[in-house]
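Me: Could you take a close look at one part of this protein for me? I'd like to hear about the aromatic rings and what sits around them.

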Amino acid sequence: MLLPKRNFRSTWVAQFIKHPTSAQVTIKNIERELICPACKELFTHPLILPCQHSICHKCVKELLLTLDDSFNDVGSDNSNQSSPRLRLPSPSMDKIDRISRPGWKRCSLTPRTTTFPCPGCEHDVDLGERGINGLFRNFTLETIVERYRQAARAATAIMCDLCKPPPQESTKSCMDCSASYCNECFKIYHPWGTAKAQHEYVGPTTNFRPKILMCPEHETERINMYCELCRRPVCHLCKLGGNHSNHRVTTMSSAYKTLKEKLSKDIDYLIGKESQVKSQISELNLLMKETECNGERAKEEAITHFEKLYEILDERKSSVLKAIDTSKKLRLDKFQTQVEEYQGLLENSGLVGYAQEVLKETDQSCFVQTAKQLHFRIQKATESLKSFRPAAQTSFEDYVVNTSKQTELLGELSFFSSGIEAPEINEEQSKVYNNALINWHHPEKDKADSYVLEYRKINRDEEMLPWNEIEVCGTSKVISDLESNCNYAFRVRAYKGSISSPCSRELVLHTPPAPVFNFLFDDKCGYNNERLLLNLKRDRVESRAGFNLLLAAERIQVGYYTSLDYIIGDVGITKGKHFWAFRVESYSYLVKAGVASSDKLQEWLRSPRDAVSPRYEQDSGHDSGSEDACFDSSQPFTLVTIGMKKVFIPKSATSANEPENRVLPMPTSIGIFLDHDKGRVAFYDMDHMKCLYERQVDCSHTMYPAFALMGSGGVQLEEPVTAKYLEYQGDM
């Protein structure tokens, strides 16, 4: 007669009954390994993700449902924004079933959901086309969790599933039947000599797992191989024609032996290093105590410094209040004296009464002797009545304490060491264009661990907004998302450990009046490669003053100018506000820059002139006889002339007639602002972001950045503050 099988789990239960204390200690120490990172509770039917982290089956479904709802309701205020690490509300069963079905999609226009945010490592992992159905159930972890639950329940009994009420306490659990039995029920449902007598049974448990691990992709095939590339169990169909056909696989027994040896060696290594771990734990505990002591000492020192500040403030407070009280007493005394003087003028007061008594004197000589001085006093009092003035002021405006500077300094109060000098912002290497690039330098002797770049917007009413802070490892930083046409202040301070240097001197930069318009020179429209030289990046063009200029010398003698070689941008503007900047080489003879409409460009490029009169270009900037001509203020082009290190501002109705008002030094960089919607163009000095010239322009057609060169010259488009600076900072 065959005896029923027993395995290690029943042995473990028996050992637990005999030695409960040691088992409880072991299970208690691994409690944090048995907590699901999503729901923060003990695992329930855990699944193994491709990243080798485990998560409850129910939590996977809830998170996928949350992703589905957030994808379909992006604009909804009720969309779930919870972190994957929070407990999510239980979804309805129909939604869970819909997600569990193979081939579930977010919507009909998107592919199957293949990514899942693992709450353990916080990375997106690929679940494959089968989604949840392609994940293995972590039966080993599930068994350990059940042991923990049994240890936690201690004396809590598992009742028989087959007893009539009231049920009896179970003594066995059948892994084949997935049920628990008392002794009597087990004999009834597993009689000797039958097939059920061969079923595998263990001690009472609620954790039932299959005897054979089946392939999630081929549900009728058992797992018998291990893919070394994907590091997961597979079946023979996966190897023959599935996703693992070209992968190297090994037998399950070989993988079991190899992994068990590795895990055993790892455990033995850790056990062998137990004394070292304990020593390091002791060292860490000492460091924690030292940190706590040092932290308390630093707090005491900080309190001492603040108490000194309080003493200074109290002293200044007493001094200021004493000065105010002294001034108040002096003014009140003056007012009191003045009141007494005026009270003397009343009828019943001393002066009037005294005067009345003097009038009773009959002796003339005695009367004159006394009345003279009395008359002077009464006359003086009478004059004071005619021009009444208070003896003192009631306002204490001179005694208002100005604490704005001290308030700002106190707001910047930080850890300071006199050994660290403040960094200095390099104004020449710092610029603002599409983004702001801030460069600074610091003495090598005070090389800092890191820097903090602060910036804030300066309102037109000079309201002090709070500083924005960015931690930087290098000595340069790109600041993006700045508002157009605004002033921004920048400053830097260095950090060495927790010690901070003073802040650098503030640098104020003005952002362009509109977003930067990115374009390159067009080498296919109007480009004359005989006289113009364009670099490979198409952001620089040079004019060649050579043989063609000599051929035009005869025409120059009769009062004509040589032709201008036009080149335009490769992108047009049809709406909105745009800004771009460029540099003109200092050796340039004549360069025109501005905007031109598409219809005007067709006229220029289809009817090239060997010689062009300045009268044809009325805003060329030359004083050539068109000074007094009246022309439409809104034209399809506007060009400003630059040359010989000067900028020639075109004549307008509001400009003065003096030529010196129209000739300005050439800035390092020139900016152009086009408001296509309002039909206005403006030219800026990029060094100070100052508008030099502004006028109307006809924007009924597509507008292009336009340039024209004559003689030797060169134009370089301003290089934007590109992502390469950001990549550089990332490498730092």
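Reply: A residue counts as buried here when its relative accessible area is under 20%. Keep that cut-off in mind, and remember that this is a predicted model. With a relative accessible area of 1%, Trp-580 is buried. Its ring partner is Phe-519, and the two make an edge-to-face pair, with 5.9 Å from centre to centre and 90° between the planes. Trp-580 belongs to strand β24 (residues 577-584), while Phe-519 lies in the loop between β20 (507-510) and β21 (532-534), so the pair ties together parts that are 61 residues apart in sequence. Phe-519 counts as buried too, at 10% relative accessibility.

That pair is one of 11 aromatic pairs in the structure. Another joins Tyr-181 and Tyr-189: the ring centres are 6.1 Å apart and the planes are at 40°, so this pair is tilted. As for cover, Tyr-181 is buried at 4% relative accessibility, whereas Tyr-189 is partly exposed, with a relative accessible area of 35%. Add Phe-186 and you get a cluster, with ring pairs linking Tyr-181, Phe-186 and Tyr-189. Phe-186 also has a charged neighbour: Lys-172 lies over the face of the ring, 5.4 Å from its centre. You'll find a similar kind of arrangement at Phe-396, where Arg-331 lies over the face at 4.3 Å from the ring centre.

One more phenylalanine is worth a look, this time for its place in a sheet. Phe-707 in β32 stands opposite Ile-567. Strand β23 (residues 565-568) and β32 run antiparallel, joined by 4 bridges. β32 also pairs with strand β25 (residues 590-597), again in the antiparallel sense, over 8 bridges. In that pairing, Gly-594 stands opposite Ala-706 in β32. Strand β32 itself (residues 703-710) is mostly covered, with 7 of its 8 residues buried.

For the wider setting, the protein has 732 residues, and buried ones make up 35% of them. Its secondary structure comes to 16 helices and 33 strands. Of the contacts between residues at least 6 apart in sequence, 63% join residues at least 24 apart. The accessible surface comes to about 45,900 Å², and 53% of that belongs to carbon and sulfur atoms.

Note on methods
Residues numbered from 1 in each chain as written. Predicted model: local features only at pLDDT ≥ 70, side-chain atom pairs only at ≥ 80, totals over all residues. Heavy atoms only, no water. Helix = DSSP H or I, 4+ residues; strand = E, 2+ residues; numbered from the N terminus. Buried < 20%, exposed > 50% of the residue type's maximum accessible area, 1.4 Å probe, protein only. Contact = heavy atoms within 4.5 Å. Areas by Shrake-Rupley, 256 points an atom, 1.4 Å probe, with all protein chains shown as cover. Pairing = 2+ DSSP bridges. Phe/Tyr/Trp six-rings, centres within 6.5 Å; stacked < 30°, edge-to-face > 60°. Lys NZ or Arg CZ within 6 Å of the ring centre and 35° of its normal.
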